[in-house]
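Here's a quick walk through some helix packing, a strand residue and a few backbone oddities. Have the viewer open as you read.

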Amino acid sequence: MLTETVLFLASAVVAVPLFKRFGLGAVLGYLFAGMLIGPSGLGLIDDVERVLHASEFGVVLLMFVIGLELQISRLWLLRSHVFGLGGAQVMLSTAALSGIALAAGLPPVAALVAGFALAMSSTAFVLQMLAERKELADHHGRAAFAILLFQDLAVIPFLALLPFLGAPTPGHEGDGGWVGPAKAVVALVLVVLGGRYLLRPVFRRLASIDMPELFTAAALLTVAGTALAMEAVGLSMSLGAFLAGVLLADSEYRHELQADIEPFKGLLLGLFFIAVGMSAKLALAIEQPLQIAVAVAVLIGVKALILYLIGRVSGLPAESSRSLAFALPQGGEFAFVLLGIAAAGGIMAAEMKDLLIVIVTASMIATPPLYALVARFRRAHREAPAYDAIDVPEHDVILAGFGPFGQIVGRMLRVKKIPYTVLERDAKQVDFVRQFGNTIFYSDAGRVEVLRAAKADKARFFVLAIADVEQSLRVAEVVRRHFPNLRIFACARDRNHAMRLMDLGITDIVRRAYASSLEITGDLLRALGEPDEQIARELDRFRRFDQDTLMKQHAIYRDEKALIQTAKDFSRELEQLFEADAEAADKAERQAESGGPKKRPREV
């Protein structure tokens, strides 16, 4: 077992960074590593079924973590997406793929099972891919999650239906028609009640013991126990784990549970993808390359078309619908389970099962590069809306950048009845801000013609509140060059940004979060029991010393060694000043307690 573990880790450490380097994603790297060390590759590991079964726990942990991030209230809000989009995708894809399988010569029942199995996409695969690209919160990311959740739900009744089609599910051969569903309902009720009334007190008790490893063990026990309970009654382990996560999503231990589970989830998910790669029978691909290539193209094409159409019908933009279509066109891990049961029950031949599994695996391998191409096409052809025509009267203030910082400046000016002109380059931010009734121009403040249209030559003040450092400096340089009489008040991201603005001759600079950092420091010192007068005095001293330091460091900030040394020197100097202040305050307090300093007698 230790040898196998070393092989898994070594193949992943080599393959995954290589594939990420070329923009193909970690998932494809894991799949390639599995094919390399599996029976069809170098043959270093033979027992694929055992590895695949053990690694499925990674998918279970993934669903638990997703459940932790999804409160019941949010899940209820997603119901139309889950049952609308998800239901349409499963039914239409199953019907289309079953029809193709039937036309290819499969018996009707086998065609139905194959169509449903191929209609399922890979939950672990897609969510991991979208998470890597930080797209889970986008329109297509939320739609993909809803469809995947419905697929997990849809597998349950289909597994219950398999015995009637001639394929008894393992462990339930003797169940009557109502016994299986009854067990499932009881198990779900027990999970819901246990999650609501038992788990929180247990975790509260474990947290009070203050043994982190015990808390981690309890988290893993919760996931594994729920998953096994669901599997015992014929339900999906993933669904059970997801339900347990949802029930704990509102608890005070949600973040700690997520932090404890995350490392295990990542490792086991990687192992799952390696096992999927190992299970691919490359010999079939070599024997029937054209047949498999056509089958993969048909599978991806049919599912992508259906996904795009339901995305558009549901109101998603064309771009989001296209991303959804190329995120979910592959087969999934449930296909391995369903096809295996169908072959064991005599619904389809073992050779057909092996061929379909190769097709599913190939579709999973093809998805990341296809999606990467679509994402690149999306970025390259995304047409930005035309800039607004600016037609405004003369205002004393022009505000460039209307993010969180700029909005606070604007709100204060508005309540003071001081008119101002806002220029913002981010089209999404413009659309968002306009929902609240703000007047804002979508335009680039770094263009001279835009500034002239905004009457910059007549204005008195220019507020530079652009978050991006390079864009901020570009705008500042244009304003300084073409409108030298315009006084600039600039927001800097950090000290380096502030110094680069100072290079342009700008002196009215505030560092982002600097004032709020001092404010929260004052609140903290107040909570620690220090008097208000002392806090105000010390913060004022720190503020003045820090400003003086900034001015001195500006002369040498491009010399990294000198900058580091001066930072150390100034830090020691500030500590000495505070120590001297503390000693003076202690001396004054002692004198006050003793009645004040004694006066020396005057000499006669």
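## α22 against α23

Start with helix α22 (residues 469-482) and α23, whose axes sit 10 Å apart and make an angle of about 15°. Since anything under 35 degrees counts as roughly parallel, that is what α22 and α23 are to each other. Keep in mind that this is a predicted model. As for handedness, α22 passes α23 in a right-handed crossing.

Which residues meet here? On the α22 side they are Val 469, Glu 470, Ser 472, Leu 473 and Ala 476, and on the α23 side His 497, Arg 500 and Leu 501. Sort the contact of α22 with α23 by class and you get four nonpolar, two polar and two charged residues.

## α23 against α25

Helix α23 (residues 495-503) also packs with helix α25 (residues 532-553), at an angle of about 60° and with the axes 10 Å apart. That angle makes α23 oblique to α25. The crossing of α23 past α25 is right-handed.

From α23, Arg 495, Met 499 and Met 502 do the touching, and their partners in α25 are Asp 546, Thr 549, Leu 550, Met 551 and Gln 553. Class by class, the contact of α23 with α25 splits into four nonpolar, two polar and two charged residues.

## Ile 488 in strand β5

Now for a strand: Ile 488 belongs to β5 (residues 487-492). Is it buried or exposed? With a relative accessible area of 5%, Ile 488 is buried, because the cut-off for that label is under 20%.

Look at Phe 462 next: it is 26 residues from Ile 488 in sequence, yet the two C-alpha atoms are 4.7 Å apart in space. Leaving out residues up to four places away in sequence, Ile 488 touches Phe 462, Leu 464, Ala 476, Val 479, Arg 480, Ile 506 and Asp 508. Ala 476 is a name you've already met, as one of the α22 residues that contact α23.

## α6 against α17

Elsewhere, helix α6 (residues 108-119) and helix α17 (residues 333-344) have axes that come within 8 Å and cross at roughly 165°. That makes α6 roughly antiparallel to α17. This time the crossing, α6 past α17, is left-handed.

The contact is built from Val 113, Ala 114, Phe 116 and Ala 117 in α6, plus Ala 335, Leu 338, Leu 339 and Ala 342 in α17. How does the contact of α6 with α17 divide by class? It has eight nonpolar residues, no polar ones and no charged ones.

## Helix α5

Helix α5 (residues 79-103) is a nice sanity check: at 1.5 Å a residue its 25 residues should span 36 Å, and the end C-alpha atoms are 35 Å apart, so the two agree.

Buried residues in α5 include Val 82, Leu 85, Gly 86, Gln 89, Val 90, Ser 93, Leu 97 and Ala 101. An α-helix has 3.6 residues a turn, so residues three or four places apart point the same way. After α5 comes Gly 105, with a positive phi near 110°.

## Two lysines with positive phi

Lys 417 isn't a glycine, but its phi is positive at about 60°. This residue sits in the loop between α19 (404-415) and β2 (420-424). Lys 417 counts as exposed, at 74% relative accessibility.

Lys 455 has a positive phi too, near 65°. You'll find Lys 455 in the loop between α21 (448-453) and β4 (461-464). With a relative accessible area of 25%, Lys 455 is partly exposed.

Conventions: Residues numbered from 1 in each chain as written. Predicted model: local features only at pLDDT ≥ 70, side-chain atom pairs only at ≥ 80, totals over all residues. Heavy atoms only, no water. Axes fitted to C-alpha atoms, helices over the stretch in contact; angles between N-to-C directions. Helix = DSSP H or I, 4+ residues; strand = E, 2+ residues; numbered from the N terminus. Parallel < 35°, antiparallel > 145°, perpendicular 65-115°, else oblique. Left-handed = near helix turned anticlockwise from the far one by under 90°. Contact = heavy atoms within 4.5 Å. Nonpolar A, V, L, I, M, F, W, Y, C, P; charged D, E, K, R; others polar. Expected span 1.5 Å × (residues − 1). Buried < 20%, exposed > 50% of the residue type's maximum accessible area, 1.4 Å probe, protein only.
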